[in-house]
Amino acid sequence: SIDVSDIRASGNITFTKNSSVYNNSNRILLTGGLTSSGDANIAIGSHNTLSSLVGESNNIENIATGTDVLQQAVNAQYNICIGKGAMYNMGKNSSETYDDVRYNIAIGGGALKGAGTHPQAEGNIAIGYGSMINATSADDSTLTAEFNVCVGYTAGTHLKGENNVYIGKATGFGGAGSNLGDNNVGVGSSALGTIQGGDDNV
């Protein structure tokens with residue numbers, strides 16, 4: 001290792017196999033190459049965020065910004081997470097059996113945080129504080145929280161379903177552990193706020 005105060009480059013800086021760069025406070029991470037640990041991730045935040053992404057070989061090509069983002073990440077791939085605790089629990093207790101934590105965009109404190117024993121999510125967009133914060137799979141194993149769009153404060157809070165669109169404060173909020181509805185569209189503050197398991201509602 002080399003301790004320097006400044007590095008200035010007019011050309012390229014290349015990260016090769018098993019390489020990474022941290023700042024002195026362990027708050028910035030870039031990884032590159034085909035590695036035995038997390039590959040091609042970009043993280044800015046707390047040490048927990050950094051160590052989680054690097055410590056698991058299947059965590060690849062994620063962008064994580066904020067404290068405790070993707071902290072429990074296992075098999076997290078191609079996610080964008082911005083905000084304290086965004087996707088915090090997604091991938092918790094995962095293995096090759098529970099590996100669908102990918103293609104998500106979570107922006108806002110606690111967005112797509114995840115709940116349950118094996119929280120998983122795929123292809124979701126959650127924007128707003130607490131949007132999809134308790135999202136999980138229907139039976140804690142089979143992936144169901146997928147391809148949803150939730151925009152607004154606490155939109156889709158307890159969502160377990162798929163192919164839903166909720167736009168507005170507390171839209172599609174649901175009850176704890178019970179929002180299994182699919183193919184629903186709710187627009188406006190608290191629209192479909194008490195939904196439990198209905199499908200195809202507008």
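Which residues does Leu112 touch, not counting residues up to four places away in sequence? In this predicted model, the partners are Met87, Tyr88, Met90, Asn104, Ala106, Ala121, Asn124, Ala126, Ser131, Met132, Ile133 and Ala135. Leu112 also belongs to the largest nonpolar core, which has 24 residues. The residues with the most contacts inside that core are Leu70, Met87, Met90, Leu112 and Met132.

## Overall layout

The protein has 202 residues, and 48% of them count as buried. Its secondary structure comes to 1 helix and 13 strands. Read from the N terminus, the order of elements is β-β-β-α-β-β-β-β-β-β-β-β-β-β. Now take the contacts with a separation of 6 or more. Residues 24 or more positions apart account for 18% of these contacts.

## Strands and pairing

Start with strand 3, residues 42-45. Its side chains alternate between two faces. Ala43 and Gly45 point to one face and are buried. Ile42 and Ile44 point to the other face and are not buried. Strand 3 is joined to strand 4, residues 63-66, by 4 bridges. The two strands run parallel. Within this pairing, Ile44 has Thr65 of strand 4 as its bridge partner.

Next comes an open sheet of 3 strands. Its order is 5-7-9, and the pairing is parallel. Strand 5 (76-77) and strand 9 are the edge strands, since each pairs on one side only. Strand 5 and strand 7 are joined by 2 bridges. Here Ala76 has Val101 of strand 7 as its bridge partner. What holds such strands together? Strands of a sheet pair through backbone hydrogen bonds, either parallel or antiparallel.

## One salt bridge

How many salt bridges does a search of the whole structure find? The search finds 1. In this salt bridge the side chains of Glu122 and Arg102 meet, at 3.2 Å from N to O. Glu122 lies in strand 9 (residues 121-122) and Arg102 in strand 7 (residues 101-102), so the pair ties together parts that are 20 residues apart in sequence. The general idea is simple. Side chains of opposite charge can pair when their charged atoms come close. Are the two partners buried or exposed? Glu122 is buried, with a relative accessible area of 10%. Arg102 is partly exposed, at 23%.

## Cysteines

A disulfide is a covalent bond between the sulfur atoms of two cysteines. A search of the whole structure finds 0 disulfides. Cys81 is buried, with a relative accessible area of 0%. Cys150 also counts as buried, at 0% relative accessibility.

## Two buried asparagines

Asn41 sits in the loop between strand 2 (28-32) and strand 3. Its relative accessible area is 0%, so Asn41 is buried. Asn79 lies in another loop, between strand 5 and strand 6 (80-82). Asn79 is buried too, at 0% relative accessibility. The side chains of both residues make polar contacts with backbone atoms, as the table shows.

| Side chain | Backbone atom | Distance |
|---|---|---|
| Asn41 | oxygen of Asn59 | 2.9 Å |
| Asn41 | nitrogen of Glu61 | 3.3 Å |
| Asn79 | nitrogen of Tyr103 | 3.4 Å |

Asn79 has further neighbors. Not counting residues up to four places away in sequence, Asn79 touches Glu61, Asn62, Ile63, Met87, Val101, Arg102, Tyr103 and Asn104. Asn79 and Ile105 are 26 residues apart along the chain, yet their C-alpha atoms are separated by 5.9 Å.

## Two positive phi angles

Glu61 and Met87 both appear among the residues that Asn79 touches. Phi of Glu61 is near 55 degrees, a positive value in a residue other than glycine. Phi of Met87 is also near 55 degrees. Where do these residues lie? Glu61 is in the loop between helix 1 (47-55) and strand 4. Met87 is in the loop between strand 6 and strand 7.

Their surroundings can be set side by side. Glu61 counts as partly exposed, at 44% relative accessibility. Met87 is buried, with a relative accessible area of 0%. Met87 brings the account back to its start. This residue is one of the contacts of Leu112, and it is among those with the most contacts inside the largest nonpolar core.

How values were computed: Residues numbered from 1 in each chain as written. Predicted model: local features only at pLDDT ≥ 70, side-chain atom pairs only at ≥ 80, totals over all residues. Heavy atoms only, no water. Core = buried A, V, L, I, M, F, W, Y, C linked by side-chain atoms within 4.5 Å. Buried < 20%, exposed > 50% of the residue type's maximum accessible area, 1.4 Å probe, protein only. Contact = heavy atoms within 4.5 Å. Disulfide = S-S within 2.5 Å. Salt bridge = Lys/Arg side-chain N within 4 Å of Asp/Glu carboxyl O. Polar contact = N/O pair within 3.5 Å; in protein donor to acceptor, adjacent residues only side chain to side chain. Pairing = 2+ DSSP bridges.
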